[in-house]
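Trainee: Please take one part of this structure and go through it closely. I want to know what surrounds that part, and how its surroundings are built.

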Amino acid sequence: MSVIEQHQSPALSAAAGAAPLLSLSGVRMEFGGIVAVNDVSFDVMPGTVHALIGPNGAGKTTTLNCISRFYTPQQGRMLLRTASGVHDLLAHKAHQIARLGVARTFQNLELFSDLTVFDNVLIARSQAMQATLAEVLLRLPRQRREERQEHARTEQILQTLGLSAHAHSVVRDLPYGTQKLVELARAMALEPTLMLLDEPAAGMNNREIEQLGQTLKQLQQATGATLLLIEHSMPLVMTISDMITVMHNGAFLAQGTPREIESHPAVIEAYLGGGKSGKRI
Ligand SMILES: Nc1ncnc2c1ncn2[C@@H]1O[C@H](COP(=O)(O)OP(=O)(O)OP(=O)(O)O)[C@@H](O)[C@H]1O
């Protein structure tokens, strides 16, 4: 099927002439006898919101864990093209991935729950600070200047995500949906080229999901970052995605725009297990 529709979104139009930011080819990951990801290949274009969907156990999180180098696939290639060149992700360890401009959030929150929202984001920012230990200890001018810049940048990130009012709240006291946004803020603090989001809407109510959709779209437009997200909320996926890749039973099933995917017979079959063609997911 054609990957790009005739009436494509501005993000896809801009990306159409570009090389993929991320290319997976023939990725295979198995655990003992279980093949979680089987010969999966797809591209993610720069500056797009790209969803990775599929029924439970399809292999989505395992794929994301391969990209973030939490896992090392037994076969396949994963290339990341950034301004600094083409990077073979398999040549990098998980802790080096952030330096390539890749940030991720998790299905289960990974936050400092006893710290404030501001401090959670500031700690993520601190990875980007250039001051040496001597400068920090002596509080030299460059370190003080960087500190001021980091505080201002942290405030800006909180504002973008609508978290300013919660800046000085302790994370554990906040509703779950707000904590999910804090995790997003921490990922954004790394100023990534590619953001990997594992079920950002999980545990949110409909109003929060709608708000999240607007926030993600704004975030993508404001930063130019590419978002690759796993998500089960179809209203969210269909609203914000430029492109959708569908996995089923560990394999690539289809790729297309939301309009193509919602009426794709094989996708409907995978979700509904024998649903009639013409139904929508
Ligand atoms: N560490 C592991 N050890 C053994 N099997 C695993 C491991 N991780 C995943 N699997 C198996 O691999 C398959 C794919 O799992 P994965 O979590 O990637 O799917 P998913 O599409 O993200 O599912 P969900 O939407 O339910 O989160 C499943 O059968 C799962 O049980």
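Mentor: First, a word on naming. Helices here are DSSP runs of H or I with at least four residues, strands are E runs of at least two, and both are numbered from the N terminus. The model is a predicted one.

The part I pick is helix 2, residues 60-67. Its chain has eleven helices and ten strands. Why this helix? Of all contributors to the shell around the ligand, helix 2 gives the most, namely three residues. Strand 2, residues 34-44, is listed with helix 2 among the elements that each supply at least two residues. The full shell reads Phe31, Ile34, Ala36, Gly54, Asn56, Gly57, Ala58, Gly59, Lys60, Thr61 and Thr62. By class that is four nonpolar, six polar and one charged.

Now look at how the helix sits. Is helix 2 enclosed or open? Seven of its eight residues are buried, so the rest of the structure largely encloses it. To be buried, a residue needs 20 or more other C-beta atoms within 10 Å of its own. The buried residues are Lys60, Thr62, Thr63, Leu64, Asn65, Cys66 and Ile67. Of these, Lys60 and Thr62 belong to the ligand shell as well. After the helix comes Arg69, with a positive phi near 70°.

What covers the helix? Start with the open sheet of four strands. Its order is 2-1-4-5, and the pairing is antiparallel. Strand 2 and strand 5 (85-88) are the edges, each pairing on one side only. From one strand to the next, the twist averages 20°. Helix 2 packs on this sheet and touches strand 1 (22-31), strand 2 and strand 4; its direction is at about 65° to that of strand 2.

Walk across that sheet. Seven bridges pair strand 1 with strand 2 in the antiparallel sense. These two strands make a hairpin with two residues between them. Gly32 lies in the turn and has a positive phi of about 60°. Phe31 stands opposite Ile34 of strand 2. Both Phe31 and Ile34 are in the ligand shell. Next step: strand 1 runs antiparallel to strand 4, with five bridges. One of the pairs there puts Ser25 with Arg77 as its bridge partner. Last step: strand 4 (residues 75-82) meets strand 5 over four antiparallel bridges. Arg81 faces Val86 of strand 5.

The helix has strands of another sheet as neighbours. This open sheet has six strands in the order 6-7-8-3-9-10, with mixed pairing. Its edges are strand 6 (102-105) and strand 10 (251-256), each paired on one side only. Neighbouring strands turn by 15° on average, direction ignored. Helix 2 lies across strand 3 (49-53), strand 7, strand 8 and strand 9 (243-248). With strand 7 the helix makes about 150°.

Strand 7, residues 194-198, deserves a closer look. Five of its five residues are buried, so it too is largely enclosed. Both faces are covered. One side carries Leu194, Leu196 and Asp198; the other carries Met195 and Leu197. Strand 7 runs parallel to strand 8 (residues 226-230), joined by five bridges. It also pairs with strand 6, in the parallel sense, over four bridges. Met195 shows both pairings: Ala103 stands opposite it, and Leu227 is its bridge partner in strand 8. For Leu194, the partner in strand 8 is Thr226.

Stay on Leu194. Leaving out residues up to four places away in sequence, it touches Leu21, Leu22, Leu80, Gly101, Val102, Ala225, Thr226 and Leu228. Leu194 belongs to the largest nonpolar core, which has 71 residues. Within that core, Leu194, Val121 and Ala185 touch the most other members. Helix 7 (residues 176-189) is the top contributor to the core, giving seven residues. In soluble globular proteins, nonpolar side chains tend to be buried together.

Step back to the whole chain. It has 281 residues, and 40% count as buried. Among contacts between residues at least 6 apart in sequence, 68% join residues at least 24 apart.

To sum up helix 2: it gives three residues to the ligand shell, packs on the four-stranded sheet, and lies across four strands, among them strand 7.

Methods
Residues are numbered from 1 along each chain as its sequence is written. This is a predicted model: local features need pLDDT of at least 70, side-chain atom pairs count only at pLDDT 80 or more; totals for chains, interfaces and linings use all residues. A residue is near a molecule or strand if its C-beta atom, placed from the backbone, lies within 6 Å of it. Ala, Val, Leu, Ile, Met, Phe, Trp, Tyr, Cys and Pro count as nonpolar, Asp, Glu, Lys and Arg as charged, and the others, Gly among them, as polar. Two strands pair if DSSP finds at least two bridges between them. Axes are lines fitted to C-alpha atoms, for helices over the stretch in contact, and angles run from 0 to 180 degrees between N-to-C directions. Two residues are in contact if their C-beta atoms, placed from the backbone, lie within 7 Å. A nonpolar core is a set of buried Ala, Val, Leu, Ile, Met, Phe, Trp, Tyr and Cys residues joined through C-beta atoms within 7 Å. A residue is buried if 20 or more other C-beta atoms lie within 10 Å of its own, exposed if 12 or fewer, and partly exposed in between; C-beta atoms are placed from the backbone.
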